[in-house]
Amino acid sequence: MPRGLDHIVHAVRDLDAAADLYRRLGFTVGDRNRHPWGTHNHIVQLPGFFIELLTLAEPDKIGDDGFSKLFAAYNRDFVERHEGLSLLIVESQDADADVAAFRAAHVAGSDKMRFEREAKRPDGSTVKVGFSLAFADDAGAPEIHFATCQQHYPENFWNPAFHKHANSVTGIAGVVVVAEQPDTQRNFFENFAGARAASVDSGFTIVTPRGMIDALNPAAFVHRFGVASPDVSRGPRLAALRFACADPELLEGVPEQAGIAGLFAGNATVIGPQDAMGAVLVFEPAAQGPR
């Protein structure tokens, strides 16, 4: 079955600065959380999707378990090279079934991995959240990790109050991958997303139940968004997040309110990687929809 976009990791060196950036861009940012393998995060929730702002704050806690290797150590090494979008996660109804599907497609990156932690509601009460992940591995894309995520207590994680953002963002429109030759990644992404890809100029696109996955070559990325492509000398990179916004009149003020530069590409406001800690953030009118 097709898997919708679930969340993405924005790996950074300074987590406080990342949280401040997203707040200045008009997002509601959650409190700081800590993982047992040494990573800390802040969560930015949208309906059915979230951004995980992440850093490795306690490297001495990295162990030999799967989360330490595939999550903590990977993101540690990623931010040593550059900040940006490091890990793409799609939704899962059954992590065991995902592992089996990935094994059949010869893209499995792990057995099922489960963890739980405590979270606090706005009223200060404590609840349990839990996730099972199944990693997929694209040998041709070492600069991206991929996983599915099954939530075990979704009623404790999702909070409609956290879905309200001053910038009027109402949801995720899509993610953009850049590769020198996008078609070499087509088969992997079809297996990962559980959906067929459609060819577009200079790449392909996959429509998921929640947002789109676009894969473009560097020249097409620059042409579409007007900002520099990430360095793909080591392989494909997660380059951009596209947000749907309810109030187009707010878009021009997003960069100014954040105190950073921005540009306008068609009807979209684009924050480039130098201002967005290695990521490209694209704010689009919701009526425009995926393209």
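# A tour of salt bridges and a buried strand

Select Arg24 to begin, a residue that counts as partly exposed at 32% relative accessibility. Keep in mind along the way that the model on the screen is predicted.

Now add Asp20 to the selection, which is likewise partly exposed, with a relative accessibility of 36%. The side chains of Arg24 and Asp20 form a salt bridge, with 2.8 Å from N to O. Both residues belong to helix H1 (residues 15–24), and because they are 4 residues apart there, about one helical turn separates them. This pair belongs to a wider set, since the count of salt bridges in the model comes to 17.

For the next stop, select Lys128 and Glu116, whose closest N and O atoms are 3.5 Å apart in another salt bridge. Here the pair links distant parts of the chain, with Lys128 in strand E7 (residues 126–136) and Glu116 in strand E6 (residues 113–120), 12 residues apart. Lys128 is partly exposed at a relative accessible area of 42%, and Glu116 is partly exposed as well, at 34%.

Move on to Arg242 and Glu284, where the side chains meet in a salt bridge of 2.7 Å, N to O. Arg242 sits in strand E13 (residues 237–245) and Glu284 in strand E16 (residues 280–285), so this salt bridge ties together parts that lie 42 residues apart in sequence. Are these two partners buried or exposed? Arg242 is buried, with a relative accessible area of 0%, and Glu284 also counts as buried, at 2% relative accessibility. Extend the selection to Asp214 and Arg224, and you will have the four residues that shared salt-bridge partners join into one network: Asp214, Arg224, Arg242 and Glu284.

The last part of the tour turns to strand E11 (residues 203–207), which is largely enclosed by the rest of the structure, because 4 of its 5 residues are buried. On one side, select strand E10 (residues 198–200), which runs antiparallel to E11 and is joined to it by 3 bridges; within this pairing, Ser199 has Phe204 of E11 as its bridge partner. The hairpin of E10 and E11 has 2 residues between the strands, and Ser202 in this hairpin takes a positive phi near 70 degrees.

Then select strand E12 (residues 212–216), which is joined to E11 by 5 bridges, again in an antiparallel arrangement. Look for Gly203, which stands opposite Leu216 of E12. E11 and E12 also form a hairpin, with 4 residues between them, and in the turn you can pick out Gly211, which has a positive phi of about 90 degrees.

Methods
Residues numbered from 1 in each chain as written. Predicted model: local features only at pLDDT ≥ 70, side-chain atom pairs only at ≥ 80, totals over all residues. Heavy atoms only, no water. Buried < 20%, exposed > 50% of the residue type's maximum accessible area, 1.4 Å probe, protein only. Pairing = 2+ DSSP bridges.
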